[in-house]
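User: I'd like a close look at one part of this model, a strand and whatever it holds on to. Could you walk me through it in one go, starting with a charged pair?

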Amino acid sequence: MLDFEGSVDSKPISEIAPQASKNLQGGKKFWLHLASENFLPKFCEQVIGQKSDETRLVIVQLPDDFPVKELAGKKADYAVTVREIKGEGFATGR
């Protein structure tokens with residue numbers, strides 16, 4: 001379970017692309033299955049190993065053909081805090 005907030009060029013994604021999915025902008029208590037190519041490009045790979053209550057900066061390069069045109073080709077920064085870990089082999093540390 002993650003809390004995360006996304007920004008591009010130091011501006012919240014919610015301001016840059018208010019019509020974008022809430023899950024793209026950020027969220028609280030967001031359950032995410034950590035698997036390669038799940039969610040945003042290279043997002044899960046950067047969260048693996050993160051401990052509960054640790055906050056980490058995750059940087060995602062969005063593709064040029066990303067469906068939200070305001071974000072296409074941009075670098076998105078996410079402040080990610082792990083709140084809970086379930087299952088084996090997802091993230092280490094509890």
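Analyst: Let's start with Lys75 and Asp77, which form a salt bridge whose closest N and O atoms are 3.9 Å apart. Keep in mind that this is a predicted model, and that the cut-off for a salt bridge is 4 Å. The two partners sit in different surroundings: Lys75 is partly exposed at 43% relative accessible area, while Asp77 is buried at 19%. That 19% counts as buried because the label applies under 20%.

Both residue numbers fall in strand E5 (75–82), and that strand is the part to look at. E5 is mostly covered, with 6 of its 8 residues buried. What runs alongside E5? Strand E1 (2–8) is joined to E5 by 6 bridges, and the two run antiparallel. E4 is also antiparallel to E5, with 7 bridges joining them. You can see both pairings at Thr81 in E5: Asp3 stands opposite Thr81, and so does Thr55.

Now for the nonpolar side of things. In soluble globular proteins, nonpolar side chains tend to be buried together. Here the largest nonpolar core has 25 residues, and the members that touch the most others are Phe43, Leu71 and Tyr78. Strand E1, H3, E4 and E5 are the elements that give two or more residues to this core, and E5 gives the most, with 4 residues.

Take Phe43 as a way in. Setting aside neighbours within four places in sequence, Phe43 is in contact with Leu2, Leu32, Val58, Val60, Tyr78 and Val80. Tyr78 turns up again on the contact list of Gln25, a residue of helix H2 (residues 22–25). With neighbours within four places left out, Gln25 is in contact with Tyr78 and also with Glu5, Gly6, Ile13, Ser14, Ala17, Pro18 and Ala20. Is Gln25 buried or exposed? It's buried, with a relative accessible area of 6%. As for its polar end, a polar atom of the Gln25 side chain lies 3.3 Å from the backbone oxygen of Pro18.

Back to charges, this time just past the end of the strand. Arg83 lies in the segment after strand E5, and its side chain meets that of Asp53 in a salt bridge (3.4 Å, N to O). Asp53 is in the loop between helix H3 (43–47) and strand E4 (55–61), so this pair ties together parts that are 30 residues apart in sequence. Asp53 counts as exposed, at 56% relative accessibility, whereas Arg83 is partly exposed at 40%. The link doesn't stop at two residues: Asp3, Asp53 and Arg83 form a network of salt bridges. Asp3 is the residue we met opposite Thr81 in E5, and now it shows up in the charged network too.

One more charged pair is worth a glance while you're in this area. Glu54 and Arg56 meet through their side chains in a salt bridge (3.5 Å, N to O). Glu54 is partly exposed, with a relative accessible area of 28%, and Arg56 is partly exposed as well, at 24%. For the full tally, a search of the whole structure finds 6 salt bridges.

Putting it together, E5 is a mostly covered strand, it runs antiparallel to E1 and to E4, and it gives the most residues to the largest nonpolar core. The Lys75 and Asp77 salt bridge was our starting point, and the network of Asp3, Asp53 and Arg83 rounds off the charged picture.

Technical notes. Residues are numbered from 1 along each chain as its sequence is written. This is a predicted model: local features need pLDDT of at least 70, side-chain atom pairs count only at pLDDT 80 or more; totals for chains, interfaces and linings use all residues. Side-chain values use heavy atoms; hydrogens and water are left out. Buried means under 20% relative accessible area, exposed over 50%, partly exposed in between (1.4 Å probe, protein chains only). A nonpolar core is a set of buried Ala, Val, Leu, Ile, Met, Phe, Trp, Tyr and Cys residues joined through side-chain atoms within 4.5 Å. Contact means heavy atoms within 4.5 Å. A polar contact is a pair of N or O atoms within 3.5 Å; within protein, one must be able to donate a hydrogen and the other to accept it, and residues adjacent in sequence count only if both atoms are side-chain atoms. Two strands pair if DSSP finds at least two bridges between them.
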